[in-house]
Every structure is written in structure tokens, then in C-alpha cells.
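Trainee: Please pick one part of this model and take me through it closely. I would like to see how that part fits with the rest of the chain.

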Amino acid sequence: MTRTLAAKLLISLSLAGAAAPGAMAADYIGGAPAQSFYDTGVCSEASVLGFITSRFEYRDANYLHANLSIAEIRNTGQSRQELRDETHLVEREYCRATAVMTDGYQRSLYYVIERPWGFAGVGRSIEFCVGGLDPWYVYGAHCASLQ
């Protein structure tokens, strides 16, 4: 039993290590500016927008009960970016867009993509807020914490 568990752990760690980006040497003398190891066009990636759309449907069905979904996401763009450096281990990309809802209204959509995330720093986290559809102010008034 323990051999099987140890073997599975070893395999998952080796796979996570193979998927992780290569390490870069630190430049303590030069003080080079922080740089991003990711594409800047992440805000408009189909996988990000698809995640937001499907996750909103889940939130509506289980919490909002407003019988709404996101029909289309338009005008995507990056509002700011916090790069990864020695003191900040997670890179954050703040995005904004317009969500066209199934009721015909256009609402502001704010989301943040955090990388690296998850097990062994592989993957990303996406948090989002649709303006006017956060009745418990999880992200502050008017989605302020994601802007």
C-alpha cells in the first residue's frame, strides 16, 4: 500500500517538474527589472473566457438564481499587471471586459489571472466579478478588489 502511494507521489512530482518552466538565475548585482515569463494576451484567451462563462453559469444556478448566463464577452483588455519577482512569487494580470448577458444587458466584467498556482506551482487561478451581480460584495463594491 505504501509503495503504491510512494510511487504515485513520485510520478506526480516528476510530471509536475517536467511541466514547470525552467529556473532562471538571479542577478543580484545588475538589479535587472522584473520580467514576465508569460504572454501578455492572456486576458482574451479562449480557455480563460470559457472558464469564466461556465463558472458564472454554476454560480447563477447555485447562488444567484437569476436565470442568467454570459452570452458573449467583448472588449477584453489588460488593466494592469503585477510581475513576478523575488518578493512576489505569483504574477497577477488584471483584466476587464464587457459581458453581454442573456437578458440583453451589458455589464462590466473584471477578472484576475494568477500564475503559477496550484500543486507545485503548476497552473493558474482565475477570479472574476460581473458588475451588479455580486450581491454579497465578495469582491467589494463594484468589484473594486479586481480592478
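**Side-chain links and their surroundings**

Mentor: Of the contacts in the protein with a separation of 6 or more, 49% involve residues 24 or more positions apart. Bear in mind throughout that this is a predicted model. Let me take the side-chain links as our part, with the fold first as a frame. There are two helices and four strands, and from the N terminus on they follow the order α-α-β-β-β-β. The protein has 147 residues, of which 29% count as buried.

Now to the charged pairs. Side chains of opposite charge can pair when their charged atoms come close. Six salt bridges are counted in this model, and the one I would open first joins Arg115 and Glu93, with 3.3 Å between the closest N and O atoms. Arg115 is in strand 3 and Glu93 in strand 2, so this pair links distant parts of the chain, 22 residues apart. Are these two charged residues buried or exposed? The cut-off for buried is under 20% relative accessible area. Arg115 counts as buried because its relative accessibility is 4%, and Glu93 is buried because its value is 0%. The pair also has company: Glu91 joins Glu93 and Arg115 in a network of salt bridges.

Compare that with the bridge of Glu45 and Arg124, whose N to O distance is 3.2 Å. Here too distant parts of the chain are linked: Glu45 sits in the loop between helix 1 and helix 2, Arg124 in the loop between strand 3 and strand 4, and 79 residues separate them. At 27% relative accessible area, Glu45 is partly exposed, and Arg124, at 33%, is also partly exposed. Arg74 and Glu72 make another salt bridge, their closest N and O atoms lying 3.3 Å apart. In this pair Arg74 is partly exposed at 34%, and Glu72 is partly exposed at 38%.

The covalent links come next. The whole structure holds two disulfides. One joins Cys43 to Cys95, with an S to S distance of 1.9 Å. Its angle about the S-S bond is -70°, and the link is left-handed. Cys43 belongs to the loop between helix 1 (2-19) and helix 2, while Cys95 belongs to strand 2, so the disulfide ties together parts that are 52 residues apart in sequence. Both of these cysteines, Cys43 and Cys95, are buried. If you keep strand 2 in view, you will recall that Glu93 lies there as well.

The other disulfide is formed by Cys129 and Cys143, with their sulfur atoms 2.0 Å apart. This link is left-handed too, at -60° about the S-S bond. Cys129 is in strand 4 and Cys143 in the segment after strand 4, so the parts tied together are 14 residues apart in sequence. Cys129 and Cys143 are also buried. With the bonded cysteines numbered in sequence order, the pairing reads 1-2, 3-4.

What surrounds these links on the nonpolar side? The largest nonpolar core has 20 residues, and Ile52, Phe56, Ile70, Met101, Leu109, Tyr111 and Val130 have the most contacts inside it. Two or more residues each come from helix 2 (46-64), strand 1 (70-82), strand 2 (91-101), strand 3 (106-115) and strand 4 (125-130). Another core lies apart from that one, with seven residues, and Cys129 of the second disulfide is among them, along with Tyr94, Val112 and Leu146.

Phe56 is a good residue to click on in the largest core. Beyond its neighbours within four places in sequence, Phe56 is in contact with Leu64, Leu68, Ser69, Ile70, Met101, Phe128, Val130 and Leu133.

To finish, turn to the outside. The accessible surface comes to about 9600 Å², and carbon and sulfur atoms account for 56% of it. Tyr58, Tyr63, Trp136 and Val138 make a nonpolar surface patch of about 480 Å². Of these, Tyr58 is in helix 2 and is partly exposed at 39% relative accessible area. Asn67 follows in the loop between helix 2 and strand 1, and it counts as exposed because its relative accessibility is 70%. Beyond its neighbours within four places in sequence, Asn67 is in contact with Asp60 and Thr102.

Methods. Residues are numbered from 1 along each chain as its sequence is written. This is a predicted model: local features need pLDDT of at least 70, side-chain atom pairs count only at pLDDT 80 or more; totals for chains, interfaces and linings use all residues. Side-chain values use heavy atoms; hydrogens and water are left out. Buried means under 20% relative accessible area, exposed over 50%, partly exposed in between (1.4 Å probe, protein chains only). Contact means heavy atoms within 4.5 Å. Accessible areas come from the Shrake-Rupley method with a 1.4 Å probe; for residues, only the protein chains shown count as cover. A nonpolar core is a set of buried Ala, Val, Leu, Ile, Met, Phe, Trp, Tyr and Cys residues joined through side-chain atoms within 4.5 Å. Patches are made of residues with over 30% relative accessible area and no salt bridge: like charges are joined within 9 Å, nonpolar side chains (Val, Leu, Ile, Met, Phe, Trp, Tyr) within 5 Å. A salt bridge is a side-chain nitrogen of Lys or Arg within 4 Å of a carboxyl oxygen of Asp or Glu. A disulfide is a pair of cysteine sulfur atoms within 2.5 Å.
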